[in-house]
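This report describes selected features of a structure, going from the division of a chain to the packing of two helices and then to a second chain. Please look through the sequence and the model before reading on.

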Amino acid sequence: MTEILCGIDLGTTNSSIAFLKEGRPIAVDIEEGSAIVPSVVSFDEETGRTFVGRSAKNRLAAYPDQTVRSIKRLMGKETKVQLGKRSSSPEEISSLILKYLVDKASEKLGQEIKRTVITVPAYFNDAQRRATIRAGELAGLEVSRIINEPTAASLVYDHVSFLDRIPSPYVLVYDLGGGTFDVSILEIKGEIKEVLASCGDTALGGDDFDERLVAFFLRKLKEETGVDFSNHDRAMHVRLRETAERAKIGLSDDPFVWVKEVGLTHVNGEPVHLNLEIGRRDYEEMIGDLVQKTVAKLEEALEEARLNLGDIGNVILVGGATRTPLVQKTLAEMFERPISHSIDPDLCVALGASVQSGLIAGEPLGHILLDVTAHSLGVKTADEFDRESGDADYFSPIIRRNTKVPVRKGELYYTIFDDQEGVDVEVFQGESPSCKENSLIGKFWYPLKPSPAQSSVITEFAYDKEGIVHITLDQKGYSNRKEVTLDVRRRKVIEPGDEAKEQEILNYIIEKSRRLILQDALPEQLRKNLEELTDRYEDAMKNGKDESLIDRFEDQLLDTIEEAEERLGTIE
Amino acid sequence: MMWPKFVRFLRKTSTEERLPSHKDILEEINLVRKSLRKQAAFLDLFRKEVIERLEDERIEDLNPFIETAEAFFFYDRSLKEISDLSSNQHQGLEIVWQKMEALLSCVGIEIVRQRGVPFDPRLHEAMERLPEGDGNPVVTKILQPGFVHGERVIKPARVMIERESETKG
């Protein structure tokens, strides 16, 4: 049995472990179906039991003297942490987290894990790195290497197929977690990735976004009841924090979310509820200054590395808070190109650490194949006009290229005229800001109810793995919804009724061939051959043609698929 | 989705027949290769379908049930905090709770809202410091209910705890 090659992201707030399976990195679900484990340790004095992860976090408030979190901040320091009557060094505490991750992963994978790569922040000094190695050893592990977190993140993206590679040796890693922000600039010199600059803010993260929403809720409650609840009981604050987090996640995908919380508290014998709608724009105003703080740090890092924005090649997003559309939008404006992530930003450091363990072991690494959108999908808007024809010609993307599917994203658009009769919705795919240079997928008419100019229309795209996009349009406040389904691959609107028939995939060969046809890296002639053969084969199957003919087409198609896979290096 | 055709079978050879030519053997190998390729594709498809079926049961899909149960929990609590309910009103709420729990169990969810039970850090998240003293910690108040789906704790209940002897006293 071959050795498990794994990597561990030993984080301040959360930790995770990933391993290589047939050359591909996979994060291991450790507790309650989640790969993300809180970096918390608690020691129960009465029973002598040690808790790690979620259960330790759940004990934190009740047993603060027996529980410790954020131990990473103390790594490398000559200090002891008191857990009840037990005194432990930071590396001893960290070793418990590492051991928990490794034991759980070993149990899950059915094989003992002996060696690992562990990640540390780029700014960790020698003492902190040595303490991390010591923690690994105390956990009974051989630490094959300590690597920087931004380096690990960039390693995963080195192995993702079909991503645009910008020809520059400089990579920027923007890491916005729950409570901390780090930005690093790497220089790639062959196999070596050198950290040129690293800046950050240890008190800035997605939790601050939540707090802004909580402050907004408190203002609204005060407006309604006249009572200031900001110093109210902790339970109410905790509940508002959870509500804020839910709203934040919702606003990442939708332009508006409803917040409905029953019985938050009571005033003069009446229950107080929270029942309001928040728009993404309002939310972005609330957090704008926080995002700008990260921009200032990013500029500081560029200055430290003596580079300009234009020198930077790929921009890699790490940390859950980078899912915030304003973060991606701000970076896209700065770098003048779309910035998004195709790999789970919470796990890509651990995944990268496992890739590093594979490189050390000389393991052949496969391409990381992702179910991602091959092109951006969006609609035509009148933000720009074609100079020759005078027609509207602006491509407004709703789902960006390389976004993991299935995905659901919504955007807000506005009508132009008073009592506008409707909108000719034209759906395009491509990367150009001009629709003329992109491909039209389908168009349909969306009748509007009489309303003043600048009325809102929410446009939501839900894109699935089969290349079907379900479009929902909603004229906000007018009870006017329309749902349309588009087949992106066949470039046509699916009429209600024949959806099931259209969606039915004749067989796996056709499905596989259509997936390959969409790959940009496929040589043109091969794409044409595939398209032609797939159509012939499909036609023969549908129309019940002679078995020998179907057989012949199938053989030809299978051979061409094999050739295409070899050319793309994607054979599984 | 079913594979549309049968995979071709190998031809039988008998000892009486003359040995096949190299060309025939190569052809045979080619057929086997194609059959295997088809089988591999078929298994791959099967694997995908199984994964998709598993993914279909995503925890996110249970959110509407959880949100409704939470809303009812908070409404129930605010009613009880504001006024002294009559026994019939209490009974009415209890009937709705029974129906709510039955509904949740239909989708495999169990709500964690019991007081007086021992503090279990897997199911409960303590919100305040436990007073010094003897006695096992028990849940005295549920601030937010928790939810369990099968073996998995979707979210722990947020609770207040006290020592058992104190609650008895």
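## Domains, a helix pair and a second chain

Chain A is divided into four parts, domain 1, domain 2, domain 3 and domain 4, and the model that shows them is a predicted one. Their bounds are listed in the table.

| Domain of chain A | Residues |
|---|---|
| domain 1 | 6–154 |
| domain 2 | 164–341 |
| domain 3 | 377–498 |
| domain 4 | 508–568 |

Between the C-alpha centres of domain 2 and domain 4 of chain A there are 45 Å.

Two packed helices are described by the angle between their axes and the distance between the axes. In chain A, helix α7 covers residues 280–304 and helix α8 covers residues 325–335. The two axes come within 9 Å and cross at roughly 55 degrees. Because of this angle, α7(A) is oblique to α8(A). The crossing of α7(A) and α8(A) is right-handed.

Which residues of the two helices meet? From α7(A) come Arg280(A), Glu284(A), Ile287(A), Val291(A) and Val295(A), and from α8(A) come Pro325(A), Leu326(A), Val327(A) and Thr330(A). Sorted by class, this contact of α7(A) with α8(A) has six nonpolar residues, one polar residue and two charged residues.

Chain B contains four helices and six strands. Along its sequence, the elements of chain B are arranged as α-α-α-β-β-β-β-β-β-α. Chain B has 169 residues, of which 17% count as buried. Taking the contacts in chain B between residues at least 6 apart in sequence, 62% join residues at least 24 apart.

Conventions:
Residues numbered from 1 in each chain as written. Chains lettered and ligands numbered in written order. Predicted model: local features only at pLDDT ≥ 70, side-chain atom pairs only at ≥ 80, totals over all residues. Axes fitted to C-alpha atoms, helices over the stretch in contact; angles between N-to-C directions. Parallel < 35°, antiparallel > 145°, perpendicular 65-115°, else oblique. Left-handed = near helix turned anticlockwise from the far one by under 90°. Contact = placed C-beta atoms within 7 Å. Nonpolar A, V, L, I, M, F, W, Y, C, P; charged D, E, K, R; others polar. Domains from an automatic or database assignment. Buried ≥ 20, exposed ≤ 12 C-beta atoms within 10 Å, placed from the backbone.
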